[in-house]
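This report goes through one protein chain, from a single side chain to the sheet and the cysteines. The sequence and structure come first.

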Amino acid sequence: GGWPARRALKRAAAAASARAHAQGPGRRRGGGGVRCGQVGPRRSRQAANPIHAEMAHARRPLSQFLSSTFAKVLFGSCLVFALFGGGCWQVFNFPDDPSNALLDFVMSVVFILFIVEIVLNVLVDRAYLFSFFFFMDMLGSASMIFEISFILGPAGEINHNETAVDPVIMRTARVAKTAARAGRFLKLTKCVQFIGRRGADGNDKRRADTAKTLSHKLMLTLSTKVSLLTIILVIIVPVFQIGQYPEEDLSMKAWGQRLEDSYMRAYHDLQEDPLKEQSDIFAESVNDMRAFYSSVNYFPYLLEGYGESVMVDGRLARIPGAGLLHGEPVPVRLQNVMKLEVSECTVQRDNCQGETKAAIFFNFASSKRLEAGLEMSMSCFVIFVMGVLTSDLNQTIDRLVVKPLERMLSMVREVTSTILNLVQAGDSTESTQLEDIEDITPDETELLERVFDKLSKISSIALQENVVNAKDMEHMSDEAKGVIVDMMNMGGDKRGGGGAIDSSAAEVSGGPAVAAVASLPCPEQVVNSWNFDVLQFSDSALEQVALHIFFDSRVGQQTGSKFTEVNIFTAFFEVVMAAYQDQPYHNRMHAVDILHTCYRLLCLTAGERWASDVEQYGLLIAAMCHDMGHMGKTNPFLVETGHDLALRYNDASPLENMHCSSLFKVCTSANTNVFKSLNTDQFKIARRTCVATILHTDNAHHFEMVKDINKAYEINSETCDKQAQTLAVSGTSWLTQYLDDVIKKDTILYLELFLHFSDVSNPLKPFPVCQAWAWRVLDEFFAQGDEEKRLGIPVGMLNDRDKINKPGSQHGFINFLVAPLVFGAVKIFPTLHPLATQMASNLRDWRDIWVEEVKPDSEAVEKKDVDVQKVADAAEELRKRSEEPPEPPAPPADLKKRMSRRG
């Protein structure tokens, strides 16, 4: 029956657990024919798949060979020789003949054995192919070509003061290979130790650590150990490079040039004095060179092409000096020789004419031997550190994972064994399927997999007698199905479906096929520059410029021409312009000026790459309408006087809220609705853009925006600087990382920046334009100051015409308000750096006018000059970042010292 069997299983499991606690997990159980550790039907699986069994049988001899002591010693010796063979040849200074031939032979054999080892591992272990160890072995084997002289090795060749292929990198790869293999051997050893000590810890208390807790502890410990390893390697490894020959040493080239010059001077000296038979000028330079290199471990030992006997005007004379080096030691290995040829022969002579050049031969034996010794020491140190850390990591894993896992697996074996015995006793068919298996030693992962596979089968056996599956129900009668459904609460799946919602936006009709503006009031290149001055044009001319920007320009073809019609926009433009009052500053010309500035910013920053067409369209509409209805008074004035706008908008940006409201009121009429062709989603985006950008033209948000822009740059400074350097090299390339990770992450911030940036951009224009707008804004301020005096309320600091110096006010406006915003914007958008440069120039011009008008004392002038220079320096730094490629690294300081000693 089902219920008695289920109760028997529960009792058996409880009894097994109690006995395991009392006796320990390693005790053998009797009866049933199942031994502890036999947890998978390996024999039956192999019998069921004879192809796998045959392949395993064929691989067994190869596997036995790889695991033999002979193979371990052979391949280990090859690895050691590959790491240290070339270095030993160098340290012991073996002569080229015949040692190089022997070295090449051994290195070739090692290379072949490495390839053989890789092939054997691929054949034996299917998991090895394309694993970490496979790639490490491939890299280490490939590095052998840099040790064999007839391939790419350095032995037997004279150096020519050029950077040759350095085997240090590939030797480091072989060090990593050694560490990887050491970790592999330790892993195998760990498995053997685990199997060998099964049941040895029977009296340990079973831990309550869950998998989550174990994982947390393991990751924390591993992170700490790896960090420690990295710190040690970063601090200690560079020490082994101290004694190596400086590869960028230019002193040898300098001495070659000096010797050639000295030889030429000696030759001319003999020409000038026909009675003179010998000149010692060259010998003095040779002695100076010997003294120069007396303090280092490499030195010249041979001069070629500097013959001591020379024909001067038909007579034989002497220029001694070459023989002074004849007593210097000669290297026995050619790779320790550095040959430096002069660039040209200033005196045509034997061994120095045409393609044949005079040369200096340097002996680098001591330096190269020291270098080889340090490389070997570094390899040993890295292997030692990795070995120690690997051992420590294995002990940590053993303590946190393996031992708790051993106790858990021992308990699983005990419970499994008991349940197997019960099931085998009750079902002879199943006992045949689960009978005795081979005595095997699986690793931890396979062991767990097979144990739980076994328990899953046992559970299926226990539940199969009481649960009817869907397949069984298909063959039942309706009455039987009814009983099952009613009694067992079994029913079919209830699934529902839903239709997909089409959220695609409607297509917007295209713009006019012909240009909206037949002819501009000025050349198009002027419109597409910062030299465009709206103050020089009539209202009708400004309307033509606006139409060009919205329809015919590069930006307009993606915005206005797609989203509205010329007649609707023209009507809209006329209504908006009529809403602007005749104020000195906040007037129709200011509106078109800001529209033009936003247009230029979008062009210079490739706005189409990071802002959608609708967002660009919304920004241009907002720029044109951002001050409509402005009455020439500031927000603080409206709040102070209790104006209706301040009451309506609760003192929060009353002017800006009014501008937004006025814009969308104009659009309530179909004849002037420039958003009419947009669908619902597009209109939401356009409205959000207009509202956000216009509200942020309130200067109350200025310093918050500066802070946001600077924060955005600091977070992404590397990417922004990389973009600037890319533009310095290519001029037009935009990095995907820059667009995706910086600009597109906060598009609305940069749209708000562009409108506010444009609204305070007068100091960034050519100085005549800058000055004209400055006088206008001050006239508007002064008019408000007159009204404040009339009302008897506090007069704004910039509003009192009797106290303010006009050029001085511009200095403070640029230095404290505009410059921080501009510098932050240019850091994000490097193509805007010319505006920062123009701003610095304008600030200096304002300083000069101030000095001329005020005649201040020297202390006041000095303070202004400090501010002016600080802005100029910051602008110049941003210009260099965007226009000049990075400079190459400076020459080593020790070279400068050695060359200075020559004088």
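Is His 659 buried or exposed? His 659 is buried, with a relative accessible area of 0%. The model is a predicted one.

## Surroundings of His 659

His 659 belongs to helix H24, which covers residues 654–666. Leaving aside residues up to four places away in sequence, His 659 touches Cys 625, His 626, Asp 627, Met 628, Gly 629, His 630 and Ile 694.

One of these contacts, Cys 625, is also a residue of helix H21, where it is buried. Helix H21 runs over residues 613–625 and has 13 residues. At 1.5 Å a residue it should span 18 Å, and its end C-alpha atoms lie 19 Å apart, which agrees. Of the 13 residues of H21, 12 are buried, so the helix is largely enclosed by the rest of the structure. Among them are the charged or polar residues Glu 615 and Gln 616, along with Tyr 617, Leu 619, Leu 620 and Ile 621.

## The chain as a whole

The chain has 903 residues, and 45% of them count as buried. Its secondary structure amounts to 34 helices and five strands. The exposed area is about 46500 Å², of which carbon and sulfur atoms supply 56%.

Contacts between residues at least 6 apart in sequence were also sorted by separation; 76% of them join residues at least 24 apart.

## The three-stranded sheet

An open sheet of three strands is ordered S1-S5-S4, and the pairing is antiparallel. Strand S1 (299–304) and strand S4 (337–341) are the edge strands, each pairing on one side only. From one strand to the next, the twist averages 25°.

Strand S5 covers residues 359–363 and is joined to S1 by five bridges, the two running antiparallel. Within S5, Ala 359 is the bridge partner of Glu 304. Strands of a sheet pair through backbone hydrogen bonds, in either a parallel or an antiparallel way.

## The S2-S3 hairpin

Strands S2 and S3 form a hairpin with two residues between them. In the turn, Asp 313 has a positive phi of about 55°. Strand S3 (residues 315–318) runs antiparallel to S2, and four bridges join the two.

The two faces of S2 (residues 309–312) differ in cover: Val 310 and Val 312 lie on the covered face, Ser 309 and Met 311 on the uncovered one. Val 310, from the covered face, has Ala 317 of S3 as its bridge partner.

## Cysteines

How many disulfides does the model contain? The count comes to one. The bond joins Cys 345 to Cys 352, with an S to S distance of 2.0 Å. The torsion about this S-S bond is about -105°, so the disulfide is left-handed. Both Cys 345 and Cys 352 are buried.

Why is Cys 690 not bonded to Cys 625? The closest cysteine sulfur to that of Cys 690 is in Cys 625, at 7.4 Å, which is too far for a bond; the cut-off for a disulfide is 2.5 Å. Cys 690 is buried, with a relative accessible area of 0%. Cys 522 is likewise buried, its relative accessible area being 12%.

Conventions: Residues numbered from 1 in each chain as written. Predicted model: local features only at pLDDT ≥ 70, side-chain atom pairs only at ≥ 80, totals over all residues. Heavy atoms only, no water. Buried < 20%, exposed > 50% of the residue type's maximum accessible area, 1.4 Å probe, protein only. Pairing = 2+ DSSP bridges. Axes fitted to C-alpha atoms, helices over the stretch in contact; angles between N-to-C directions. Contact = heavy atoms within 4.5 Å. Areas by Shrake-Rupley, 256 points an atom, 1.4 Å probe, with all protein chains shown as cover. Expected span 1.5 Å × (residues − 1).
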